[in-house]
Structures are given as structure tokens and as C-alpha cells.
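Where do the charged side chains of this protein pair up, and which parts of the chain do those pairs join? The paragraphs below go through three such pairs in turn.

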Amino acid sequence: MKRILLYITLFATLSLASCNDWLDVKPETQTDEKDMFESVSGFKNALTACYIKLNSKNLYGLSLTITDIEFMAQHWSYQESNYRGAEDLKAFKYENDYPKTLISAIYGEMYNTIAQANIILQNMPDHKEVITNEDMRAIVEAEALTIRAFCHMEILRLFGQMPQNSDKQVSLAYAKTVSTVMIPHYSYNDFTNLILADLDAAEALFKDHDPLFTYSFQELDNFFDTKNYNVELADEFMGFRRFRFNYYAVKAIRARLYMYMGKKTEAYTAAKEIIDAVDKNGKKVLELAGAGDISSSNFALPSECILALSNYEIESNTEKLFKSDQAEKIYLTEKQFNNDLFAGQSTAVNNRVQVWDRTPDNQGAIKPLLKKYNQPSSTTNTDMEVLATQKQVVPLIRLSEMYLIAIESAPTLNEANALYIPYMKARNVDASPLQQEQLMTEIIREYRREFFGEGQMFYTYKRLGIKNMLWKTDREVGEQDYIVPLPSTELNAN
């Protein structure tokens, strides 16, 4: 048995003075656990702390979306003198200084997020009566369970063994308590079963309590706009469901996990539940509407997000990465963009091309820069909610992933094409039906096009056991490259 020491800081957030304060997650004070759960605000603050942690630069504020995990997928060109650590990650030299420090930070912050969720879950039985609203009580517990499941799934994808044909088995800690005593480690199968059990428990709690059964994502994104939306919530904390772990996020996480495990039948069923889901009025819960987002310069496609983070620091996190006059910029070469990223497709029509800035630089060279996280040049106090829900958006799971999962796992080619054609149409591409031998090639290309800068490609390569990564030309990629080693503090613990 190994030992994980979890150091927990409980953050209290800004007072709930406006409807989007929980989105603007800036920690200000610290609160003792003993006092925190004596009031409903304590549960709110504790849950908000989970989102603060997920938004950190070592997790989804940068490393697990835009930079480090993308370097591991061989993404981005750059001036090498500014990115020695990226070169080590591209070469999978996990023993070198930068990767070792990064790995330790990711591992520690992920388990600290889990511990934060566990604090909520451990205090719920004795203090849940302070949350007098039944819906809120169910949602707080369900969100904590889903956060725990999601973080463990991400640990599995990064640090775990190959999901298929693995020669090396890796046991991982599944933390269900907050303690300095030994936390059990589990085999791959047992670990995945624990994730699924948490998702089952969360789904049961969300069922009939999530406001998404009454209102749409769009209505809950804009509930503060009383002129245009008629939304009545027992508490403002129940709004912004797209930016909180929610009922449909549980189903999407399940679909992603099943696909990663190679359980295609289960993955197809879970993904289709979301694709086909309708509200009480018979309208689709989620639609592929990327063109509308892009025309509004909402390049992270918030309307297609099943789950996203609102990160007010995203501009400062990326300010030197996507500007042509910065030495630290990361970009694609024109060849990478035209010949590889959009291989087989016309860049004249595909609306995802608009997510890239292809303005020639001072030397006249075109080095496409990602605009997905660009922010408006000026803001006013009146559009803070719009910024939070449309601009400061870090996607975690989007509807397009559910389409790709369903296309790949469909029981027949006809059913795959019945999803592929409308999916491509939403990207302004009149695609022909795929032949069986084209299917996986196009799916891999679509993961790359769709989720560039969102941190999904390395995991796609890993679950498929791809030996020849695009843009890695020096050698094949092997099992030892895909299994990120646990931090030395974990390996050496007794």
C-alpha cells in the first residue's frame, strides 16, 4: 500500500453580490473546515473551491488544455530556445527537470481537487440539513461526486496503463476520503468501476433536481437577463449549468470513459443519449451550432459545450502565446495547417478555419495562431456575464466529441454516416459518406481539427495505441511514452 498526503486549503469566495460571482472565482479568505459547513454558504464556497482548482494553470487553465498536454501530442511549432521543456515533453523525456516538475504539479493539484470534493461529501451526512432546498442539496452532492469521478478519469488517462493490449499494469489511488492514512490503490478494472460507481450515484442525484430538466442551457446561461428570459431559480447558485458539472456532463463523462476503455456498445449508447436528448417541449437539448458561435467570435464554441470552465485568467494565461509579435508564441506552419490539419478538406469553406488567425507576420510569413481563447480588446461592466459565459470559456467536453464517439462506435457504417454527414454540415462541409476503410483516418483527423488547444489529442492517440503520431518524425511512439510515470514522491511512498 502506498501513501498519499493531501494538503487541503478551503477557499471562501467573494460574497454573493451579483449573479455571476461564483464564475469569477477569485479566492479571498481561508475558512476552517469545522466552521465552513455550518451554513449553506459554506457548502457553496467549498464547491466553488473545486472550480478554482480546476482552473489553475497546472490543470485546465493551461497545461492540460493548451500547452503541455498538446506538446505531448506533438502539437505546436515555436522558437525552441523558449521551449526547452516542450522539447522534453515532445520527446517523452519524463525524467528531465521540466517534465518531472510538471508531472508532480498536475498529480498533486488533481488529487487536491479530489480531496476538496471529498471534504464536501464527508460533511454532507452530518450537515446537509443546513441546505434547506432539496434541489440544491442534491446538486451540491452530485457535483462533488462528478468532480471526483472526472478527476480520477483524467488521472487514469494520463498516468494509467494503456487501455488496450497493455503489457505494463499500473495501479492508481482512488481517493474517497480525506486522510493522511494509506489510500488504497486499484487495478485498471477496479479503478474504472469506481469511476462508474461515482457517476451512477451522481446521475441519480441530478435526476429530477438539475434545473436542466426545467430550463435549457441557454436560459440558465442567461437567467440574469430578466428582459429576455423568464427563469425562476430557488438560488442563483443553481444557474450557469453549462459551467458546472451537470446531468448531461455525467452522461458525457461516461461516454468518454467507455470509449477510452474500448467498450464501444456502451459508448455509443451513452453518446447517443446526449445527441438525441430533448427537453420537455421536444426540442433538442444541445445542437451543433458552431457557425453561430464563430460568427459571434465565440471561438471556444460555448453553445456546444456540455461542460466548460469559466476562467477569468485565461487572457493573462495565454497573452504571450497567440500574438504574432511575441517571441513565446506557439503556432502552426502554413504547411502544417493546410496539408496536415485540414488534409482532405478545403480551407475555403470549413468554418473551423476561422478559429485561426492567418494574418501574415512582419516578414510576410503566415504562421496560423489559434484564436480560440482570444478576448475582446475592451470590456464594460455591463457585459461581465457575457464575458464569463461566451469569452472566458475553457471547454472540457463538447457535443462534437459525442458525435465523434458515436460515429466511431456505431454498430453499422450507415448509422455512422447518418451522424457524420450532419456533423460535417455543421462545420460547413458537404461531406460524402465515408467508406469503412476511411472511417478511422477521418475520425483521427477530426479529433485533431476539432479539439486543437483543448488537450484531447494525446489521449486519443493513447486509447488507439497509435505508433506514428503526426508531426513526430524521429521514431515511433511506444507504451513507455504513453504511460506518464507517477511522481517520485508517490512511487517512493510506503
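**Salt bridges and burial**

D235 is partly exposed, with 22% relative accessible area; by the cut-offs used here, buried means under 20%, exposed over 50% and partly exposed in between, with a 1.4 Å probe and protein chains only. The model is a predicted one, in which local features need pLDDT of at least 70 and side-chain atom pairs count only at pLDDT 80 or more, while totals for chains, interfaces and linings use all residues. Residues are numbered from 1 along each chain as its sequence is written, and side-chain values use heavy atoms, without hydrogens or water.

The partner of D235 is K44: the two form a salt bridge (a side-chain nitrogen of Lys or Arg within 4 Å of a carboxyl oxygen of Asp or Glu), with the closest N and O atoms 2.9 Å apart. Because K44 sits in helix α2 (residues 40–54) and D235 in the loop between α8 (217–221) and α9 (247–261), the bridge ties together parts 191 residues apart in sequence. Helices here are DSSP runs of H or I with at least four residues, numbered from the N terminus. K44 is buried, at 8% relative accessibility.

A second salt bridge joins D221 to R242, at 2.8 Å between the closest N and O atoms. D221 belongs to helix α8 and R242 to the loop between α8 and α9, 21 residues apart. Both D221 and R242 are buried.

In helix α17 (residues 439–450), E446 and R449 are three residues apart, about one helical turn. Their side chains meet in a salt bridge of 2.5 Å, N to O. E446 is buried at 1% relative accessibility, and R449 is buried at 4%. Salt bridges with shared partners join these two into one network with E304, R352, K372, R398, R427, E450 and E454.

Definitions and conventions: Helix = DSSP H or I, 4+ residues; strand = E, 2+ residues; numbered from the N terminus.
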